[in-house]
Amino acid sequence: MACLSPSQLQKFQEDGFLVLEGFLSADECEAMQRRIDEIVAKMDVPLHCRMEFSTQEEEQLRAQGSTDYFLSSGDKIRFFFEKGVFDKQGNFLVPPEKSINKIGHALHALDPVFRCVTHSHKVQALARSLGLQMPVVVQSMYIFKQPHFGGEVAPHQDASFLYTEPLGRVLGLWIALEDAMLENGCLWFIPGSHTGGVSRRMVRTPAGSVPGTSFLGSEPIRDNSLFVPTPVLRGALVLIHGEVVHKSEQNLSDRSRQAYTFHLMEAAGTIWSPDNWLQPTPELPFPPLYT
């Protein structure tokens, strides 16, 4: 079982992140990759990604379409693309399966393969050893980090987007489905950066406004030398405290860096901010992790 030892627990509490190598087998990783290939093969590319724009009004409609597509993705399986993968007519400039940045945000609830992994005995045992009493799954993503142009992810704290009161109730579980090395965009962390609160928050703006979200506060300029690279092999799980500062670089190599990641919230005594972009819906309340 995937229970943390006291020394692992202590390391996670000190650093705000923890690597568990070999959490999933190669077969388990393979099953998720096969499933995502099936999902991608059947994907329906949303219009706002393909539209050609000329007038300001059309540009606004696109921004609104994009906003709505994102804001209403919490209980759906939706596709988000890298920049510059469509031509002006809305045709793919690269093969569709190479154009996707990520798929989100309810794979954990709507797809049997990802539901199975998310609620596996291993994950439940891990959550119990962290002392989580009533964890719920708030969102999930499959991240592609495509070869040659997989986008960088700027330094951030997950709690900026998934804010709770009190803080410290959100936990990311990030699973490498391929080796994540320096050259293909592994995660980088600032150890111990999870104790200073949240510097920036993304909040929903009033319904119908464009853009549909805005930021309160700002991301401080951080000294690059504080970041520690965290390369991991396929099958590793990285635990990510909701307030630890982390990033990943652009992938300029010829190997992708696929990962499945999802977030848990300790629901006992926690308020999920009504301003968060992601909200539970009647169709999909946040599902309890423990089955």
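# A first look at this protein chain

Of the 291 residues in the protein chain, 52% are buried. Keep in mind as you explore that this is a predicted model. The secondary structure of the chain comes to eight helices and 15 strands. Its radius of gyration is 19 Å, close to the 19 Å that the globule rule gives for 291 residues, so the chain is as compact as a globular protein of that length.

**The chain as a whole**

- If you draw a box along the principal axes, the C-alpha atoms of the protein chain fill roughly 60 × 40 × 40 Å.
- The accessible surface of the chain comes to about 13,600 Å², and carbon and sulfur atoms account for 56% of that area.
- Take the contacts between residues at least 6 apart in sequence: 82% of them join residues at least 24 apart.

**The sheet of seven strands**

- Here is a good place to begin your tour: an open sheet of seven strands, with antiparallel pairing, in the order S1-S12-S7-S14-S4-S3-S2.
- Strand S1 (17-20) and strand S2 (77-81) stand at the edges of this sheet. Each has a single partner strand, so one side of each is left without a neighbour in the sheet.
- From one strand to the next, the twist of this sheet averages 20 degrees.

**Helices that lie on these strands**

- Helix H1 (residues 6-15) packs on the sheet, where it touches S1, S7 and S12. The direction of H1 makes about 140 degrees with that of S1.
- Helix H4 (residues 56-71) lies across S2 and strand S3 (100-105). Relative to S2, helix H4 runs at about 135 degrees.

**A closer look at S12 and its neighbours**

- Strand S12 (residues 237-241) pairs with strand S7 (residues 170-176) in the antiparallel sense, over five bridges.
- Across that pairing, Leu173 stands opposite Leu239 in S12, while Trp174 has Val238 of S12 as its bridge partner.
- S12 is also joined to S1, by four bridges, and these two strands run antiparallel. Here the bridge partner of Val19 is Val238 in S12.
- Val238 is thus a residue worth finding on screen, as it is the bridge partner of Val19 and of Trp174.
- S12 is mostly covered, with five of its five residues buried.
- In a regular strand, side chains alternate between the two faces of the sheet. In S12, Leu237, Leu239 and His241 point one way, whereas Val238 and Ile240 point the other way.

**The sheet of four strands**

- An open sheet of four strands, again with antiparallel pairing, has the order S5-S13-S8-S11.
- The edge strands are strand S5 (153-156) and strand S11 (228-230), and each of them pairs on one side only.
- In this sheet the twist from one strand to the next averages 25 degrees.
- Strand S8 (residues 187-189) and strand S13 (residues 246-248) run antiparallel and are joined by three bridges.
- To spot this pairing for yourself, look for Trp188, whose bridge partner in S13 is Lys247.

Key. Residues are numbered from 1 along each chain as its sequence is written. This is a predicted model: local features need pLDDT of at least 70, side-chain atom pairs count only at pLDDT 80 or more; totals for chains, interfaces and linings use all residues. Side-chain values use heavy atoms; hydrogens and water are left out. Two strands pair if DSSP finds at least two bridges between them. Axes are lines fitted to C-alpha atoms, for helices over the stretch in contact, and angles run from 0 to 180 degrees between N-to-C directions. Contact means heavy atoms within 4.5 Å. Buried means under 20% relative accessible area, exposed over 50%, partly exposed in between (1.4 Å probe, protein chains only). The radius of gyration is taken over C-alpha atoms; the globule rule is 2.2 Å times the number of residues to the power 0.38. Accessible areas come from the Shrake-Rupley method with a 1.4 Å probe; for residues, only the protein chains shown count as cover.
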